[in-house]
Amino acid sequence: MKWHFNELGGHQDDMFSFSEDTQVKELLQKRSSDIRDASPFHVKGYGYRSGNRYVFHLKMKGTLVLPCARTLLDVEFPLSFSSTEIFALENETSDYDEDWDDDLHPVIDGFIDLTPYVIERILLQIPMKVYKEDIPEQSPAPQKGEDWEVVTEELKKSDVDPRLASLQRFFDKDDENA
């Protein structure tokens with residue numbers, strides 16, 4: 001996903017589209033030690049020239065393998081998201097040196113390279129914690145044992161301790177009066 005400025009010169013007034021799979025595993029793993037594996041990401045989109053800028057609208061789709069926050073088992077985490085990247089021509093970037101806008105990228109040595117920005121957008125999509133849904137009985141971090149069990153469901157309003165039922169009725173009255 002790298003084009004020379006001259007390659008895009010033929011698209012002065014019209015849009016051009018692209019669609020390709022890109023291997024990002026090694027680049028992602030250099031930036032984040034939590035990423036255990038990554039499928040090739042499919043990046044498709046279109047670009048066009050607007051004044052002294054090139055605008056790219058991207059849709060990215062792929063899967064990352066991340067560690068479960070509870071058991072450290074592998075969790076496949078599918079990603080599908082969109083992004084817009086704007087590249088300023090070399091003579092325009094000098095106006096933005098002091099107040100550099102994160103959404104405005106320079107055209108370096110006549111090349112527009114989307115790969116570093118795709119990597120950055122993927123990293124921004126990774127949540128702080130992921131959890132594995134189906135944990136095997138013999139996992140390294142068991143989910144239940146003698147007299148204990150990991151509970152992942154939140155208490156429902158109807159699951160009130162009977163000893164506190166009168167207190168619950170007190171709060172229900174306050175809700176009705178409000």
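Asp-37 sits in between in terms of exposure: in this predicted model, its relative accessibility comes out at 32%, so the residue counts as partly exposed. Its place is in strand 3, a short run covering residues 37–38. Setting aside residues up to four places away in sequence, Asp-37 touches Lys-25, Gln-29, Thr-63, Leu-64 and Val-65. With one of these, Lys-25, there is also a link between side chains, a polar contact of 3.2 Å. Asp-37 can be paired with Glu-76 as well: the two are 39 residues apart in sequence, and their C-alpha atoms lie 9.0 Å from each other.

Lys-25, the partner of Asp-37 in that polar contact, falls within the range of helix 2, residues 25–31. The same helix holds Leu-28, and here the accessibility picture is clear-cut. Leu-28 has 0% relative accessibility and therefore counts as buried, the cut-off being under 20%. Once residues up to four places away are left out, Leu-28 touches Ile-35, Ala-38, Leu-64, Ile-119, Ile-122 and Leu-123. Leu-64 turns up again here, in touch with Leu-28 just as with Asp-37. Ala-38, another contact of Leu-28, belongs to the two-residue stretch of strand 3 at 37–38. Ile-119 is the far-off partner in sequence terms, 91 residues from Leu-28, yet the C-alpha atoms of the pair are 6.5 Å apart in space.

Ile-119, Ile-122 and Leu-123, all in contact with Leu-28, lie within the span of helix 4, residues 115–125. Thr-115 is part of helix 4 too. Its relative accessible area is 18%, under the 20% limit, so Thr-115 is buried. Apart from neighbours within four places in sequence, Thr-115 is in contact with Met-1 and Leu-27. Met-1 also appears among the contacts of Thr-22, together with Pro-40, Phe-41 and Val-43, again leaving out neighbours within four places. Thr-22 is found in strand 2, which runs over residues 16–22, and is buried because its relative accessible area is 11%, under the 20% limit.

What lines the second largest pocket? Its lining consists of Ser-32, Asp-34, Leu-66, Pro-67, Cys-68, Ala-69, Leu-72, Ile-126, Pro-127, Met-128, Lys-129 and Val-130. By class, that makes nine nonpolar residues, one polar and two charged. The space inside this pocket is about 160 Å³.

Now for the chain as a whole. There are five helices and 10 strands, and of the 178 residues, 30% count as buried. Among contacts with a separation of 6 or more, 60% are between residues 24 or more positions apart; the pairing of Leu-28 with Ile-119, 91 residues apart, is one of the long-range cases.

How confident is the prediction, and where does confidence fall to its lowest? The chain averages a pLDDT of 79, and 73% of the residues score at least 70. Confidence is highest in strand 3, at 94, and lowest in helix 3 (residues 90–93), where the mean is 54. Over residues 96–100 the pLDDT is below 50, and this stretch has five contacts in the model beyond near neighbours in sequence. Where pLDDT is low, predicted coordinates should not be read in detail. Strand 3, with the highest confidence, is also the home of Asp-37.

Note on methods
Residues are numbered from 1 along each chain as its sequence is written. This is a predicted model: local features need pLDDT of at least 70, side-chain atom pairs count only at pLDDT 80 or more; totals for chains, interfaces and linings use all residues. Side-chain values use heavy atoms; hydrogens and water are left out. Helices (H or I, at least four residues) and strands (E, at least two) are DSSP runs, numbered from the N terminus. Buried means under 20% relative accessible area, exposed over 50%, partly exposed in between (1.4 Å probe, protein chains only). Contact means heavy atoms within 4.5 Å. A polar contact is a pair of N or O atoms within 3.5 Å; within protein, one must be able to donate a hydrogen and the other to accept it, and residues adjacent in sequence count only if both atoms are side-chain atoms. On a 1 Å grid over the protein atoms alone, a cavity is a set of points where a 1.4 Å probe fits but cannot get out, and a pocket is an open set with protein on both sides within 12 Å along at least five of seven lines; lining residues have an atom within 4 Å of a point. Grid points are joined across faces, edges and corners, and a volume is the space filled by probe spheres set on the points. Ala, Val, Leu, Ile, Met, Phe, Trp, Tyr, Cys and Pro count as nonpolar, Asp, Glu, Lys and Arg as charged, and the others, Gly among them, as polar. pLDDT is the predictor's confidence in each residue, from 0 to 100.
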